[in-house]
Amino acid sequence: MSLRFEVLQTHGQARLGRLQLRRGSIDTPAFMPVGTVGSVKAMRPEEVAALGAQIILGNTFHLWLRPGLAVIEKHQGLHRFMNWDKPILTDSGGFQVFSLAKLRRLSEEGVRFRSPIDGSEVFLSPEESMRIQRSLGSDIAMQFDECMPYPASESVARASMELSLRWAERSVRAYAAEANAPGVLFGIVQGGVYPALRQASLEGLLKLPFAGLAVGGLAVGESAVEREQTLSAIVPFMPSERPRYLMGVGRPIDIIEAVMRGIDMFDCVMPTRHARNGHLFTSQGTLNIRNAQYASDTEPLDPACGCSTCRLYSRAYLRHLDKTGEILGSILNTTHNLYFYQQLMRDIRAAIQTQSLEQLHNKIKALTAEPQLG
């Protein structure tokens, strides 16, 4: 199955597009809610779709460990298992190479981990990652790569980038080894904050038949300036006819600035994780619902928001739910934050259409610079 991607309009380097996959189309720029273990936390899949999400992300490593492929294969894949009939992108497990560094041993062949669930030893390689993602039935699979820690010297970054390139070749061979792949495969540009290494990574990936390309290895501790410089140095050289995905970057200001540099797709746990910790995104800035000033506040969370949380519940009620540990608090907060992110992407797409992206950028930048509400 092939992917079809069309750039409908541009505004500077920003692109308004449409990505067509077997299970549906995605308007870009797009934000993908993260469903690590087959669930966007505190939300039913049908609710996530109703908020405007057209694609979600699943985690290869965690689903492999639990519930395991045998269970998911009995459901003919992750879509039926979790009742999501729209596209799914699965990461490759490469991020766990980074995040579980204390539990793993890395070699040319792959990575041996101690399972964070039961401590047993497991082995993940490009071939195994592709086998898992094929079994999950994801519409977009990601190559297996190494996500470097930050900071890293140029020599360390070079060795890691070259390893990821070799793993990219193995990922392509393994994903295509059997007929009837359920989706398409994306490559991942690595190289840390070193433009020359990013360029070498991209040149290597362009020799392989990837349907799309991602920028990985950012949002791991580098400054916003380093991230922006890295994107500015590499994105203009990424093929314009393929979708471009920035992995793991999720602050609203970072999203719009990446869009202005030509990025089409995003994912991050920020909206759901922040929601569970009482940090809520609003049209006036970020609000901490745990602040005592909201204890008797009868106003909606954000009067300018159209989500059901803002239409039906007060700040005082949301604070009460959070203080008492009620599950409903996480549900209502997550509903709002995910709606906010989907509305952000709708606003960005509209601004590209009307050639007003700079005005929207200035508005978001001003909110980011303001002290947090509460």
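**Pockets, cavities and one buried arginine**

Hi everyone, let's start with the largest pocket, whose lining residues divide into 15 nonpolar, 15 polar and 9 charged. Please keep in mind that this is a predicted model.

How much space lies in that pocket? About 900 Å³. Of the 39 residues that line the largest pocket, F95, G248, D267, C268 and V269 are the closest to its centre. Strand 6 (56–59), helix 5 (94–99) and helix 11 (270–276) are the elements giving two or more residues to this lining, and the largest share, 5 residues, comes from helix 11.

Now to the enclosed spaces. Searching the whole structure turns up 2 cavities of 30 Å³ or more. The largest cavity holds about 50 Å³ of space, and its lining is made up of A224, R227, E228, L231, L246, D254, E257 and A258. Two elements, helix 9 (224–234) and helix 10 (252–259), give two or more residues each, with helix 9 giving the most, 4 residues. By class, that lining has 4 nonpolar, no polar and 4 charged residues.

The second largest cavity has a volume of about 40 Å³. D27, A30, F31, G52, A53, Q54, Q342 and R349 line this one, and strand 4 (30–32) and helix 14 each supply at least two of the lining residues.

Let's stay with R349, which sits in helix 14 (residues 327–353). Which side chain of opposite charge is nearest to R349? That is D27, 4.8 Å away, and R349 is buried yet has no salt bridge. Beyond its neighbours within four places in sequence, R349 is in contact with L16, D27, T28, P29 and A30. Among these contacts, D27 and A30 also line the second largest cavity, as does R349.

Thanks for listening!

Key:
Residues are numbered from 1 along each chain as its sequence is written. This is a predicted model: local features need pLDDT of at least 70, side-chain atom pairs count only at pLDDT 80 or more; totals for chains, interfaces and linings use all residues. Side-chain values use heavy atoms; hydrogens and water are left out. On a 1 Å grid over the protein atoms alone, a cavity is a set of points where a 1.4 Å probe fits but cannot get out, and a pocket is an open set with protein on both sides within 12 Å along at least five of seven lines; lining residues have an atom within 4 Å of a point. Grid points are joined across faces, edges and corners, and a volume is the space filled by probe spheres set on the points. Ala, Val, Leu, Ile, Met, Phe, Trp, Tyr, Cys and Pro count as nonpolar, Asp, Glu, Lys and Arg as charged, and the others, Gly among them, as polar. Buried means under 20% relative accessible area, exposed over 50%, partly exposed in between (1.4 Å probe, protein chains only). Lys and Arg count as positive and Asp and Glu as negative; His and the chain ends are not counted. A salt bridge is a side-chain nitrogen of Lys or Arg within 4 Å of a carboxyl oxygen of Asp or Glu. Contact means heavy atoms within 4.5 Å.
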